[in-house]
Amino acid sequence: MGQSDFMAEVLKQKNAIRKQLGLPPTSIKGTYLGPRRTAGVISKVKRKKLLKRDKHTCQICGRRFPERNLVPNHIDHDRRHNAMDNLETTCAGCNMNEGIIYSRLLREAGPRSEVLEAERLQIVEKARRIVREQVRRK
Ligand SMILES: [Zn+2]
């Protein structure tokens with residue numbers, strides 16, 4: 001098996017796990033190693049398009065906000081993955097809450113270099129569930 005076949009196989013497995021967890025597919029072959037990896041830039045046009053698609057409504061708490069209080073959220077917490085289906089509109093508060101929960105769970109999982117991508121994606125899913133349950137209880 002050549003290197004590119006191998007990477008294609010890894011990507012296939014990665015997307016199979018993402019599908020099970022209800023996360024959008026990715027074309028990024030490598031493993032997420034944390035925010036220090038180069039983050040992609042979401043252009044102003046893309047941001048506008050995203051806010052319009054989501055009707056300026058936070059996809060976590062369901063409330064509408066003025067543009068300045070809304071932030072694009074990476075559904076899979078991989079900031080290199082700026083495809084529209086990996087982005088959702090969130091208010092600053094919900095975005096921060098989910099970020100905090102995700103970071104805490106990830107830290108608890110062990111040293112960053114030892115957390116497997118499959119495990120990380122489950123943490124993403126868990127953080128999403130927790131933050132949404134918090135909102136429902138309010
Ligand atoms: Zn919100």
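A residue is called buried here if 20 or more other C-beta atoms lie within 10 Å of its own, exposed if 12 or fewer do, and partly exposed in between, with C-beta atoms placed from the backbone. Helices (H or I, at least four residues) and strands (E, at least two) are DSSP runs, numbered from the N terminus. The structure is a predicted model, in which local features need pLDDT of at least 70 and side-chain atom pairs count only at pLDDT 80 or more, while totals for chains, interfaces and linings use all residues. Residue numbers start from 1 along each chain, as its sequence is written.

As for confidence, pLDDT is the predictor's own score for each residue, from 0 to 100. The chain has a mean of 90, and 96% of its residues reach 70 or more. Confidence is lowest in α1, at a mean of 86, and highest in β2, at 97.

A good place to start is helix α4, which covers residues 117-137. The expected span of a helix is taken as 1.5 Å times one less than its number of residues. For the 21 residues of α4 that gives 30 Å, and its end C-alpha atoms are indeed 30 Å apart. The buried residues of α4 are R120, L121, I123, V124, A127, R128 and V131. Seen down the helix axis, they fall within an arc of 155°, so they line one face of α4; the arc is that of the directions from the axis to the C-beta atoms. That fits a general point: an α-helix has 3.6 residues a turn, so residues three or four places apart point the same way. On the face of α4 turned away from the buried side sit the exposed residues R129, E133, R136 and R137. The buried residues of α4 pack against α1 and α3, where contact means that the C-beta atoms of two residues, placed from the backbone, lie within 7 Å.

Helix α3 (92-109) can be read in much the same manner. Its 18 residues should span 26 Å, and its end C-alpha atoms are 26 Å apart, which agrees. C94, N95 and E98 are the buried residues of α3. They fall within an arc of 100° seen down the axis, so they too line one face of their helix. The exposed residues I100, R107 and E108 are carried on the face turned away from that buried side. As for partners, the buried residues of α3 pack against β1, β2 and α4. Just after α3, G110 takes a positive phi of about 125°.

Next come the strands. Five bridges join β1 to β2, and the two run antiparallel; strands count as paired if DSSP finds at least two bridges between them. Across this pairing, L70 stands opposite C91 in β2. Four of the five residues of β2 are buried, so this strand is largely enclosed by the rest of the structure. In the loop between β1 and β2 lies H77, whose phi is near 55°, a positive value in a residue other than glycine. H77 is buried, with 23 other C-beta atoms within 10 Å. K55 also has a phi near 55°, but its place is in the loop between α2 (44-53) and β1. With 9 C-beta neighbours inside 10 Å, K55 counts as exposed.

What makes up the largest nonpolar core? A nonpolar core is a set of buried Ala, Val, Leu, Ile, Met, Phe, Trp, Tyr and Cys residues joined through C-beta atoms within 7 Å. The largest one has twelve residues: L23, C58, I60, L70, V71, C91, C94, L121, I123, V124, A127 and V131. The elements giving two or more residues to this core are β1 (70-74) and α4, with the largest share, five residues, coming from α4. Leaving aside residues up to four places away in sequence, L23 touches R18, I75, D76, L121 and V124.

That leaves helix α1 (residues 3-20). Its 18 residues should span 26 Å, and its end C-alpha atoms are 26 Å apart, in agreement. A8 is found in this helix and is partly exposed, with 13 other C-beta atoms within 10 Å. From A8 to S27 is 19 residues in sequence and 9.7 Å in space, C-alpha to C-alpha. Q13, also found in α1, counts as exposed, with 12 C-beta neighbours inside 10 Å. Q13 and A118 are 105 residues apart in sequence, yet 9.2 Å apart in space, C-alpha to C-alpha. Just after α1, G22 takes a positive phi of about 75°.
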